[in-house]
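Here's a quick briefing to read with the sequence and the structure side by side. Grab a coffee and have the viewer ready.

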Amino acid sequence: MESNSQLQTRLSEMESLAIATFGSKSKANAWLNKENLILGTTPISLANSDPGLLEVKKILSAINYGGVV
């Protein structure tokens, strides 16, 4: 079973990446908590697993570099 500290680490990493992508904590949090059509859920809800975090990283990378998901 996963520890609370592992989840906190994932959440922090996800939030940091989103802030770097969107330029502010408020914009990052808005994106993380809004349903994403590609993910089928909110990005923040995927923080409970490594595969979920990887999917969010892929989307943030695509946003940053203008690629496709």
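Which residues does Glu-35 touch, not counting residues up to four places away in sequence? Glu-35 touches Gly-40, Thr-41 and Thr-42. Keep in mind that this is a predicted model. From that loop we'll move on to α3, the core, the salt bridges and the aromatic pair.

**The loop between α2 and α3**

- You'll find Glu-35 in the loop that runs between α2 (25-32) and α3 (50-65).
- Glu-35 has a relative accessible area of 54%, so it counts as exposed.
- Ser-45 sits in the loop between α2 and α3 too, and its C-alpha is 9.5 Å from that of Glu-35, with their positions 10 residues apart along the chain.
- With a relative accessible area of 34%, Ser-45 is partly exposed.
- The side chain of Ser-45 has two partners to look at: it makes a polar contact of 2.9 Å with the side chain of Thr-41, and it reaches the backbone oxygen of Thr-42 at 2.6 Å.
- Both of those threonines also turn up in the contact list of Glu-35.
- Ser-45 and Asn-33 are 12 residues apart along the chain, and their C-alpha atoms are separated by 8.0 Å.

**Helix α3, end to end**

- α3 is 16 residues long and spans 22 Å from first C-alpha to last, close to the 22 Å expected at 1.5 Å a residue.
- At its N-terminal end, Ser-49 acts as the cap: a side-chain oxygen of Ser-49 lies 3.0 Å from the backbone nitrogen of Gly-52.
- Just past the other end of the helix, Gly-66 has a positive phi of about 70°.
- The buried residues in α3 are Gly-52, Leu-53, Val-56, Ile-59, Leu-60 and Ala-62.
- Those buried residues pack against α1 (4-22) and α2.

**The nonpolar core**

- As a rule, nonpolar side chains in soluble globular proteins tend to be buried together.
- Here, the largest nonpolar core has 12 residues: Met-14, Ala-18, Ala-28, Trp-31, Leu-32, Leu-39, Leu-46, Ala-47, Leu-53, Val-56, Ile-59 and Leu-60.
- α1, α2 and α3 are the elements that each give two or more residues to this core.
- The top contributor is α3, with four residues.
- For a closer look, try Leu-46, a member of this core: leaving out residues up to four places away in sequence, Leu-46 touches Met-14, Leu-39, Thr-41, Gly-52, Leu-53 and Val-56.
- Thr-41 is worth a second glance, as it touches Leu-46 and also has a polar contact with Ser-45.

**Salt bridges**

- Side chains of opposite charge can pair when their charged atoms come close.
- How many salt bridges does the structure hold? There are four, and three of them are covered below.
- Lys-57 and Glu-13 meet through their side chains in a salt bridge, at 2.6 Å from N to O.
- Lys-57 is in helix α3 and Glu-13 in helix α1, so this pair ties together parts that are 44 residues apart in sequence.
- Both ends are partly exposed, Lys-57 at 32% relative accessible area and Glu-13 at 31%.
- Lys-25 forms a salt bridge with Glu-15, where the closest N and O atoms are 4.0 Å apart.
- Because Lys-25 lies in helix α2 and Glu-15 in helix α1, that pair ties together parts 10 residues apart in sequence.
- Glu-15 is partly exposed, with a relative accessible area of 24%.
- The side chains of Glu-55 and Lys-58 form a salt bridge at 3.2 Å, N to O.
- Glu-55 and Lys-58 are three residues apart in helix α3, so about one helical turn separates them.
- Glu-55 is partly exposed at 34% relative accessible area, and Lys-58 is partly exposed at 44%.

**The aromatic pair**

- The structure holds one aromatic pair.
- Phe-22 and Trp-31 are the partners, and their rings are tilted: 5.5 Å centre to centre, with 40° between the planes.
- Is Trp-31 buried or exposed? Trp-31 is buried, with a relative accessible area of 15%, whereas Phe-22 is partly exposed at 25%.
- Trp-31 also belongs to the largest nonpolar core.

Key. Residues numbered from 1 in each chain as written. Predicted model: local features only at pLDDT ≥ 70, side-chain atom pairs only at ≥ 80, totals over all residues. Heavy atoms only, no water. Buried < 20%, exposed > 50% of the residue type's maximum accessible area, 1.4 Å probe, protein only. Contact = heavy atoms within 4.5 Å. Expected span 1.5 Å × (residues − 1). Polar contact = N/O pair within 3.5 Å; in protein donor to acceptor, adjacent residues only side chain to side chain. Core = buried A, V, L, I, M, F, W, Y, C linked by side-chain atoms within 4.5 Å. Phe/Tyr/Trp six-rings, centres within 6.5 Å; stacked < 30°, edge-to-face > 60°.
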